[in-house]
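Me: Hi! I'd love a close look at one part of this model, followed by a walk through whatever else catches your eye.

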Amino acid sequence: MTTENEQTVYIVDDDAAIRFAMQALMDSVNLKHEIFGSADEFLEKVSEQRPGCLVLDIRMPGLGGLELQQELIERGNTLPIIFITGHGDVPMAVDAMQKGAVDFIQKPFRDQDLLDRIRDALETDEERREEQQQHAEVATRLERLTNREREVFDLVVTGKPNKVIAYELGVSQRTVEIHRARVMEKMQARSLADLVKMHMTA
């Protein structure tokens, strides 16, 4: 049983032999994993965004790998996907990567090749979640700004000096300085560079 904060390798494949082999491989390197025999089963049990990655067979009865990928896209789920493909599925896998999949691996594959791709995907997932957390934190700080402070913030990050900002807003330079100081405090920024980065994140 995994907790919500643990990175988990989700494996979806309709072939029982592949599922058995995958489970043995994950156990051998102590990777947390959950295995599903169909895309529908995965969607039923993994309904929200969770840390980890998805190893997905591209061809399956019923809902196929590409359809599952599209469903996750529509749900805003950013779980990194590694597709398992047969030789004839490579064009499909390339198309899947253009839609956001992080990798694909052709059958038959070496265990180490798959593990390397999984570890890369887990790193990608961690980076994405950090970016999402930073975005959420910046959004929360922005909500604390008054309308005037937000106007000052938007102008400060363009590099305009206080005198120009004051002219454009029709206020005194001292007023801009006060608002600017409040913006720096509420946004928890130590420098103009910090503000610019936050503006790019927002």
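Which residues are buried in helix α9 (residues 192-201)?

Reply: Happy to help. This is a predicted model, where local features need pLDDT of at least 70 and side-chain atom pairs count only at pLDDT 80 or more, while totals for chains, interfaces and linings use all residues. Residues are numbered from 1 along each chain as its sequence is written, and side-chain values use heavy atoms, with hydrogens and water left out.

In α9, the buried residues are D194, L195 and M198. Buried means under 20% relative accessible area, exposed means over 50%, and partly exposed lies in between (1.4 Å probe, protein chains only). Seen down the axis of α9, these buried residues fall within an arc of 100°, so they line one face of the helix. The arc is that of the directions from the helix axis to the C-beta atoms. K197 and M200, on the other side of α9, are exposed. An α-helix has 3.6 residues a turn, so residues three or four places apart point the same way. Helices here are DSSP runs (H or I, at least four residues), as are strands (E, at least two), numbered from the N terminus.

Just before this helix comes a backbone detail. Q188, in the loop between α8 (173-186) and α9, has a positive phi of about 55° although it is not a glycine. N30 also has a positive phi, about 60°, and is not a glycine either. N30 sits in the loop between α1 (16-28) and β2 (33-36) and counts as exposed at 71% relative accessibility. The peptide bond from K107 to P108 is cis, with omega near -10°, and P108 belongs to the loop between β5 and α5. For background, most residues other than glycine have a negative phi, and most peptide bonds are trans.

Now for the charges. The structure holds 17 salt bridges, each a side-chain nitrogen of Lys or Arg within 4 Å of a carboxyl oxygen of Asp or Glu. R117 pairs with D103, the closest N and O atoms being 3.4 Å apart. That pair links distant parts of the chain, with R117 in helix α5 and D103 in strand β5 (residues 103-106), 14 residues apart. R117 is partly exposed at 26% relative accessibility, and D103 is partly exposed at 21%. Salt bridges that share partners also join E34, E48 and R50 into one network. Within it, R50 and E48 bring their closest N and O atoms to 2.9 Å; R50 is buried at 19% relative accessible area, whereas E48 is partly exposed at 35%. Another salt bridge joins E71 to R75, with 2.8 Å between the closest N and O atoms.

Finally, there is a negative surface patch formed by D116, D120, E123, E126, E127, E130 and E131. Patches are made of residues with over 30% relative accessible area and no salt bridge, with like charges joined within 9 Å and nonpolar side chains (Val, Leu, Ile, Met, Phe, Trp, Tyr) within 5 Å. One of its members, E131, lies in helix α5 (residues 111-143) and is exposed, with a relative accessible area of 53%.

Methods:
Areas by Shrake-Rupley, 256 points an atom, 1.4 Å probe, with all protein chains shown as cover. Lys, Arg positive; Asp, Glu negative; His and termini not counted. Charge placed at Lys NZ, Arg CZ, Asp CG, Glu CD.
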